[in-house]
Amino acid sequence: APPPELCAPPPRAPAALDPAPSPTPAPCARLWPPRITALLPPSLLGNAAASPHHGAGGESGCRAPAAGFRAPLLGGARPALLSLAGGRQGARKSLEEKLRDSSGSELLLDILQKTVKHPLCVKHPPSVKYSRSFLSELIRKHEAVHTEPLDELYQALAEVLTAEDPTHCHRSYLLPSGDSVTLCESTAIVSHGTTGLVTWNAALYLAEWAVENPAVFAHRMVLELGSGAGLTGLAICKTCRPRAYIFSDCHSHVLEQLRGNVLLNGFSLEPSIDTWAQHPGPHTPEAERPWVTVARLDWDTVTAPQLAAFQPDVVLAADVLYCPETVLSLVGVLRKLSTCRKDQRAPDAYIAFTVRNPETCQLFTTELGQAGIPWEEVPCHDQKLFPYEEHSEMAILKLTL
């Protein structure tokens, strides 16, 4: 996996909370009742739960929602409550009007049950700091309309005021299928010398594209390079019906957390790729659950025969183009993969990245050309499912290995 110390992390993507379901649900269903979006102020850039993080040595962040959900269940920093329907200017007015026009207590209880009291949040608690900030802002809105105090709201805040924020927290996301992905992530952008213990924007972008294009992965062997916290792969495993999925990374702490996230989401882990070679068929007659393993893969030392053992039909990577050294290592791996299956159909590779330094992106395409690897840009798709960093340009390149 790419070395993390070579570049400073980018600005954190805004986190979003969306309490009330939209009149027309998006492909991913939200859990928040009245529509509330949490935006992270620049002053809170260092807050772990609110910044995008490298996935496995990448540079962007992921948070996956579900049927119409544009945000994680909880997991950002101090939220500013805004209305998606009314835009930023009308947001406060929108929520306060709803509190005035309806039974404030019923509305607030609904918000609590669909956010901090939601079963996923109770079972897998999000960041204490984020929960505290979210509840404080909700109380401020509640008090602004001079309605009767709601004991449950203040009790929920009291429960997190004295709690300590651990080094890890959970982020849960609903998928269009109605299933969910829950990730354990570090609360620090850089931890144990790596940025791979958290999720970054391009992984969200790639996951959303995959959910909209399941046929690319259906009944195929998928190898992901630099899997990080595992959001993209878990979303694919739960919605795209791959035959097998190989998560890979290099850093020992990333691999440990990655294995835990795979198990947390109900998948069994095969010990090594050797078991796939011995039993290449699906574990269930209808292949509802893919064969899954986590492999240690060092881009600079892995050999072509080792890569050939994976037999991938599709290769993926997200947020791995953040410095020249990483680009060169990645192209080296892709070149080795291109020599692995000359007697069969060459695998397609999809590389997702956030465009922060055009020179780095240019280096990548230049190196691909010198390696003889054709590429084309995948058409942009609507960013409807996740909270993305504002004004960040993202792209996916399709390579033919």
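**Figure 1. Helices H6 and H7 pack against each other in this predicted model.** Two packed helices are described by the angle between their axes and the distance between the axes. Helix H6 covers residues 201–212 and helix H7 covers residues 231–239, and the two pack at an angle of about 10° with their axes 8 Å apart. Angles under 35 degrees count as roughly parallel, and H6 and H7 are therefore described as roughly parallel to each other. On the H6 side, the residues that meet H7 are Ala203, Leu204, Leu206, Ala207, Ala210 and Val211, while H7 contributes Leu231, Thr232, Ala235, Ile236 and Thr239. Sorted by class, this contact holds nine nonpolar residues and two polar ones, with no charged residues.

**Figure 2. Seven strands form an open sheet with mixed pairing.** Strands of a sheet pair through backbone hydrogen bonds, either parallel or antiparallel. Followed across the sheet, the order of the strands is E7-E6-E5-E8-E9-E11-E10. Strand E7 (291–296) and strand E10 (375–377) stand at the edges with a single partner strand each, so one side of each has no neighbour in the sheet. On average, and with direction ignored, neighbouring strands of this sheet are turned by 20° against each other.

**Figure 3. Within the sheet, E8 pairs with strand E9, and helices H6 and H7 pack on the sheet.** E8 and E9 (residues 348–355) are joined in the parallel sense over five bridges, and valine 315 has alanine 349 in E9 as its bridge partner. Helix H6 touches E8, E9 and strand E11 (393–400), and the direction of H6 makes about 60° with that of E11. Helix H7 touches E5, strand E6 (244–249), E7 and E8, and the direction of H7 makes about 175° with that of E6.

**Figure 4. Strands E3 and E4 form a hairpin.** Strand E3 (residues 168–174) and strand E4 (residues 180–186) run antiparallel and are joined by seven bridges. At one of these positions, histidine 168 stands opposite serine 186 in E4. The hairpin has five residues between its strands, and glycine 178 takes a positive phi near 95°. Strand E3 is mostly covered, since six of its seven residues are buried.

**Figure 5. Histidine 219 and aspartate 319 both have a positive phi.** Most residues other than glycine have a negative phi. Histidine 219 nevertheless has a positive phi, near 60°, and its place is in the loop between H6 and strand E5 (221–225). Aspartate 319 has a positive phi of about 60° although it is not a glycine, and this residue lies in the loop between strand E8 (314–318) and helix H11 (324–338). Histidine 219 counts as partly exposed because its relative accessibility is 49%, whereas aspartate 319 is buried, because its relative accessible area is 1%.

**Figure 6. The whole protein chain gives the setting for the close-up views.** The secondary structure of the chain comes to 12 helices and 11 strands, and buried residues make up 59% of its 401 residues. Among contacts between residues at least 6 apart in sequence, 77% join residues at least 24 apart. The chain exposes about 16000 Å², of which carbon and sulfur atoms supply 53%.

Terms used: Residues are numbered from 1 along each chain as its sequence is written. This is a predicted model: local features need pLDDT of at least 70, side-chain atom pairs count only at pLDDT 80 or more; totals for chains, interfaces and linings use all residues. Side-chain values use heavy atoms; hydrogens and water are left out. Buried means under 20% relative accessible area, exposed over 50%, partly exposed in between (1.4 Å probe, protein chains only). Helices (H or I, at least four residues) and strands (E, at least two) are DSSP runs, numbered from the N terminus. Two strands pair if DSSP finds at least two bridges between them. Axes are lines fitted to C-alpha atoms, for helices over the stretch in contact, and angles run from 0 to 180 degrees between N-to-C directions. Angles under 35 degrees count as roughly parallel, over 145 as roughly antiparallel, 65 to 115 as roughly perpendicular and the rest as oblique. Contact means heavy atoms within 4.5 Å. Ala, Val, Leu, Ile, Met, Phe, Trp, Tyr, Cys and Pro count as nonpolar, Asp, Glu, Lys and Arg as charged, and the others, Gly among them, as polar. Accessible areas come from the Shrake-Rupley method with a 1.4 Å probe; for residues, only the protein chains shown count as cover.
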